[in-house]
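Reader: I would like to learn how to read a model of this kind, one feature after another. Where should we begin?

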Amino acid sequence: MDFHDFEQSGWERAAGHYGDAFGSLTSQTIPALLRAAAVAKGTRLLDVASGPGYVAGEAAALGALPIGVDFASEMVALSSRLYPSLTFQQGDAEALRFADRSFDAVTINFGVLHLARPDTAIAEAHRVLTPGGRCALTVWAAPDVSVGFGIVLNAIEAHGRMDVPLPPGPPFFRFSDAAEASRSMSAAGFVDARVETVPLKWRLQSGDALCDAFLEGAVRTAALLRAQTPDALARIRHAIVEGAERYRKGDHIELPMAAVLTSAAST
Ligand SMILES: C[S@@+](CC[C@H](N)C(=O)[O-])C[C@H]1O[C@@H](n2cnc3c(N)ncnc32)[C@H](O)[C@@H]1O
């Protein structure tokens, strides 16, 4: 199975868990994302990799006219249930079925890091935007600042194997690098690229919940965890719980996380 199909089948499986695992976290970037894409009343917005539909939901609350597109049928069904008055379509970020220059803004919240061909998707965003329309996208910041990722990846490195057979895909943290993110936007014809870091907080009931979020609500990291031996996975879980406990605040755990938000204008 190639990386694109691996991600697609993974998201069909994870759709029911993603919201509980990551929804309260990925939603925190939406105000900054919509600002960076200049979304306001009447903006025709395409939200790519729309997942449960949170971005489209908040855009509609501002009076914008969003359409969400996601390649996982389970995600499209979920977003349509959560936001019955909005339009969500099944479709591929790398081959959008929309006319040239048909949107004023494009958003991609935590989507490009899952794409087999992110540069093709960014070129597609440019194609469907009117000149001057802004594209804004977020990814996780590197694991040293996205502490939840740091804890999980360090635990796998220490107690398991990173070299398990997975379909090869682009580097997970490629767009976390500001220079690389701007370069990719410029290569697709965008101008006025701006990159900012958005601090986030991940509130969890336990360290086990951190491990389960990645096992059930993610795709690439879930596959990395599931490919470990049962003994290694038990040691990894133990190390994740220990790592998370360092961030306990009373009855919950609060992990510092961060997103890198890149936006640019179409030409
Ligand atoms: C981490 S979730 C992000 C969901 C949502 N944007 C949010 O803010 O929470 C990634 C989403 O990207 C979708 N996705 C991944 N690759 C895609 C592609 N090539 N075309 C369309 N959607 C894709 C997945 O199905 C999944 O819903």
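Author: Begin with burial: a residue is buried under 20% relative accessible area, exposed over 50% and partly exposed in between, for a 1.4 Å probe and protein chains only. This is a predicted model, in which local features need pLDDT of at least 70 and side-chain atom pairs count only at pLDDT 80 or more, while totals for chains, interfaces and linings use all residues. Residues are numbered from 1 along each chain as its sequence is written, and side-chain values use heavy atoms, with hydrogens and water left out.

Reader: Then let us try an aromatic pair: what is the geometry between Y83 and F88?

Author: Rings of Phe, Tyr and Trp (its six-membered ring) pair if their centres lie within 6.5 Å, and the planes are stacked under 30 degrees, edge-to-face over 60 and tilted for the rest. The structure holds 15 aromatic pairs. In one of these, Y83 and F88 are tilted, with 6.4 Å from centre to centre and 45 degrees between the planes. F88 counts as buried because its relative accessible area is 9%, whereas Y83, at 23%, is partly exposed.

Reader: Which residues form one aromatic cluster?

Author: The cluster is made of W11, Y18, F22, F110, W140, F149, F172, F173, W202 and F214. Keep W11 and F110 in mind, for both are among the residues nearest the centre of the largest cavity.

Reader: Before we get to cavities, how should I read the strands, and how many residues of β5 are buried?

Author: Helices (H or I, at least four residues) and strands (E, at least two) are DSSP runs numbered from the N terminus, and two strands pair if DSSP finds at least two bridges between them. Strand β5, residues 129-140, has 10 of its 12 residues buried and is mostly covered. Its parallel partner is β4 (residues 103-109), joined to β5 over 6 bridges, with I108 standing opposite L137. From β4 the chain passes through helix α5 (residues 118-128) to reach β5, and this β-α-β crossover is right-handed, a term for a path that runs clockwise from the first strand over the helix to the second when the strands point away from the viewer.

Reader: Which strand joins β5 over 7 bridges, and in which sense do the two run?

Author: That strand is β8 (residues 252-265), and the two run antiparallel. In this pairing L137 stands opposite T262 and V139 opposite V260. In a regular strand the side chains alternate between the two faces of the sheet.

Reader: Is β8 enclosed or open, and how many of its residues are buried?

Author: Strand β8 is largely enclosed by the rest of the structure, because 13 of its 14 residues are buried. It also runs antiparallel to β6, to which 12 bridges join it, and the bridge partner of P199 in β8 is A258. Strand β7 (residues 248-249) pairs with β8 as well, in the antiparallel sense over 2 bridges, one of them between R248 and I253. The hairpin of β7 and β8 has 2 residues between the strands, and G250 takes a positive phi near 65 degrees there.

Reader: Where does A49 lie, and what is its phi?

Author: A49 belongs to the loop between β1 and α3, and its phi is near 60 degrees, a positive value in a residue other than glycine. A49 is partly exposed, because its relative accessibility is 29%. Its C-alpha lies 6.2 Å from that of I108, although the two residues are 59 apart in sequence; I108 itself, at 2%, is buried.

Reader: Now the cavities: how many are found, and which residues lie nearest the centre of the largest?

Author: A cavity is a set of points on a 1 Å grid over the protein atoms alone where a 1.4 Å probe fits but cannot get out, and lining residues have an atom within 4 Å of a point. Grid points are joined across faces, edges and corners, and the volume is the space filled by probe spheres set on them. The search finds 4 cavities of 30 Å³ or more, and the largest has a volume of about 480 Å³. Its lining has 36 residues, with W11, A49, F110, G111 and H114 nearest the centre, and α1 (3-26) gives the largest share, 5 residues.

Reader: How does the lining of the largest cavity divide by class?

Author: It divides into 21 nonpolar, 10 polar and 5 charged residues, where Ala, Val, Leu, Ile, Met, Phe, Trp, Tyr, Cys and Pro count as nonpolar, Asp, Glu, Lys and Arg as charged, and the others, Gly among them, as polar. The second largest cavity holds about 40 Å³, and its lining has 7 nonpolar, no polar and 2 charged residues, including F175 and R220.

Notes:
On a 1 Å grid over the protein atoms alone, a cavity is a set of points where a 1.4 Å probe fits but cannot get out, and a pocket is an open set with protein on both sides within 12 Å along at least five of seven lines; lining residues have an atom within 4 Å of a point.
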